[in-house]
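Work through the exercises below with the sequence and the model side by side. Each task is followed by a solution that goes step by step.

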Amino acid sequence: MDMHAPPAPLVTDHRLRLIIFFFLSSAMFMATLDNQIVSTALPTIVGEFGHLERFGWIGSSYLLASSAVMPIYGKLGDLFGRKYVMMTAIAIFTIGSAVCGLAVSMNTLIAARVLQGLGGGGIMVSIFSINADLFEPRERARYQSYSSLVLMASGAIGPVLGGTMSDLFGWRSIFLVNIPVGIIVLTGLFTMLPYRKPERKPKIDYAGAILLALTTSSIVLVADSSELFGSIISVQSVGILAFGIVCATSWVFVERRAVEPIVPPTLFRNPTFSLLLVISITSGAIAIGMVNYFALFLQTTTGLSPSQAGVFFILLTGGIVCGSLLGGRLISTTGRYKPQSIASLSLSFLAFMLFTLVQAGTPVFLIGILMAMHGIGIGLGQQVPVIGVQNAADSRDVGAATGAVTLSRMGGASIAISIYGAIVAANLSRVGVTIPGVSNIEQLTPKMLGALPEAARQAVADSYAAAFTPLFLTSAGFAITGLLAAFMLKPVMLPTAGAVKKPNAAE
């Protein structure tokens with residue numbers, strides 16, 4: 001590959017770039033908040049529509065659709081220009097939100113959530129790709145850290161906001177509020193974001209797009225099969241897994257022959273790209289995948305109420321914020337992302353190994369310190385995979401590379417959640433009914449746990465602490481896998497504004 005200078009920033013006026021970044025962040029907040037805000041409204045929705053057996057599909061349908069289209073949106077942005085691809089994604093999400101808010105049945109709501117996901121997946125990928133057009137690599141690291149804060153903010157306030165809006169205005173309001181926000185963002189991007197027309201003629205890889213979407217959907221369904229089908233080894237799950245393997249194999253053959261493959265095979269010839277995908281998968285597993293299990297761990301082993309346990313997530317979120325801001329600043333200043341990735345995964349590995357020593361009765365402030373440590377670790381390396389692959393890929397493939405790494409993070413989280421759930425369930429099943437007053441330990445709510453005699457509460461706490469030890473060891477295994485990949489990264493120096501980038505197959 002010949003030496004070339006990276007494309008000039010899409011917008012040169014600093015104030016205009018900040019305004020555009022604000023609109024992009026608003027779109028990201030809207031898309032990520034929607035997936036979090038639904039959680040606390042689910043009981044109300046089920047109460048109105050019934051069909052408790054389809055409860056899991058309200059969340060899974062969104063994740064399924066958004067994951068399936070992430071790489072496709074990235075490639076479409078490369079082929080047609082990111083402005084109108086991004087606007088299309090926002091429009092689809094906004095229309096999907098309106099249909100969700102007007103849903104008349106559980107089936108209608110699930111279908112509308114699929115439509116939302118088809119837009120939400122495009123929003124996530126397109127934002128990071130447009131950031132690559134707006135900011136040169138070092139400056140981009142700082143702004144990507146701000147985008148990470150938007151993700152964390154939506155995760156922190158989503159459940160609270162969802163419950164509050166449901167109580168005050170009804171559950172439909174959590175969807176309908178997206179309509180004015182979507183219209184404002186669409187108007188802002190239409191008037192202020194310039195259109196950069198790609199130089200090459202668009203040729204869409206339809207077969208590759210369909211096969212990749214089917215492969216991704218299969219992974220998400222298998223990962224969520226314990227909730228959707230009752231068991232990860234159910235007949236449906238095994239059938240979907242076999243179908244996914246066939247689709248994945250076919251996709252590889254199709255991509256090798258496609259003129260414009262959805263994920264160009266040439267990307268995998270660069271060791272940096274492959275290593276960053278591994279880091280992204282493991283990061284998703286230990287960051288996104290662990291959130292719900294931290295909440296369960298706190299409530300079952302310490303006796304904290306849900307609201308008290310929620311306070312500890314301030315430490316986790318605060319650590320992520322501090323780590324993300326520090327990591328972005330360090331990458332912007334030094335031009336290197338490898339040290340941040342190593343530090344990130346090292347901190348998380350250490351935190352999980354220390355978590356294996358936590359028993360029922362361990363002082364809660366020590367647990368808080370470990371959660372803050374893990375949060376800092378997540379934040380330090382959060383933007384590394386996106387920054388790294390965008391720098392490693394040719395400018396014509398930035399969108400495809402961004403879509404692949406974004407999808408890999410979500411895939412890592414989905415797979416890890418399934419593994420974690422199986423580990424906890426398998427260990428708790430050994431307890432049986434040996435605890436007086438407890439017929440099924442997995443169905444204990446915090447309120448029921450608080451009503452048990454002291455001896456029974458202690459036995460439950462000990463059982464959960466023992467069940468979580470192999471889970472934390474598994475998380476440490478994910479972290480060490482990512483850490484090994486981080487050590488294998490080349491010490492790449494990000495180019496400064498106007499510098500000539502020297503692509504290297506061994507980059």
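The exercises that follow go from the whole chain to single residues.

The model is a predicted one, in which local features need pLDDT of at least 70 and side-chain atom pairs count only at pLDDT 80 or more, while totals for chains, interfaces and linings use all residues. Residues are numbered from 1 along each chain as its sequence is written, and side-chain values use heavy atoms, with hydrogens and water left out.

**Exercise 1. Describe the secondary structure and the burial of the chain.**

Step 1: Count helices and strands as DSSP runs (H or I of at least four residues for a helix, E of at least two for a strand), numbered from the N terminus; the chain has 20 helices and 0 strands.

Step 2: Classify each residue by relative accessible area, where buried means under 20%, exposed over 50% and partly exposed in between, with a 1.4 Å probe and protein chains only; of the 507 residues, 55% count as buried.

Step 3: Take contacts as heavy atoms within 4.5 Å; among those between residues at least 6 apart in sequence, 83% join residues at least 24 apart.

**Exercise 2. Find the salt bridge and place its two partners.**

Step 1: Search for a side-chain nitrogen of Lys or Arg within 4 Å of a carboxyl oxygen of Asp or Glu; the whole structure yields 1 salt bridge.

Step 2: The partners are D133 and R82, whose closest N and O atoms are 2.9 Å apart.

Step 3: The pair links distant parts of the chain, since D133 belongs to helix α5 (residues 106–134) and R82 to helix α4 (residues 82–101), 51 residues apart.

Step 4: Both D133 and R82 are buried.

**Exercise 3. Identify the nonpolar cores.**

Step 1: Join buried Ala, Val, Leu, Ile, Met, Phe, Trp, Tyr and Cys residues through side-chain atoms within 4.5 Å; the largest core obtained has 104 residues, and L189 and F355 have the most contacts inside it.

Step 2: Helix α20 (residues 454–488) gives the largest share of this core, 10 residues.

Step 3: Another core, of 14 residues, lies apart from it and includes V38, I58, A103 and I174.

Step 4: Leaving out residues up to four places away in sequence, L189 touches I20, F23, L24, K83, M86, M87 and I90.

**Exercise 4. Examine helix α12: how many of its residues are buried, and what lies at its start?**

Step 1: Helix α12 (residues 271–287) has 17 residues and spans 24 Å from its first C-alpha to its last, close to the 24 Å expected at 1.5 Å a residue, the expected span being 1.5 Å times one less than the number of residues.

Step 2: The helix α12 is mostly covered, with 13 of its 17 residues buried.

Step 3: At the start of α12, a side-chain oxygen of N270 comes to within 2.9 Å of the backbone nitrogen of T272.

**Exercise 5. Is S218 buried or exposed, and which residues does S218 contact?**

Step 1: S218 lies in helix α9 (residues 206–223).

Step 2: S218 counts as buried because its relative accessibility is 5%.

Step 3: The side chain of S218 reaches the backbone oxygen of L214 at 2.8 Å.

Step 4: Apart from neighbours within four places in sequence, S218 is in contact with I240, F243 and G244.

**Exercise 6. Classify K338 and list its contacts.**

Step 1: K338 is placed in helix α15 (residues 338–355).

Step 2: With a relative accessibility of 18%, K338 counts as buried.

Step 3: Not counting residues up to four places away in sequence, K338 touches A486, F487, L489, K490 and P491.

Technical notes. Polar contact = N/O pair within 3.5 Å; in protein donor to acceptor, adjacent residues only side chain to side chain.
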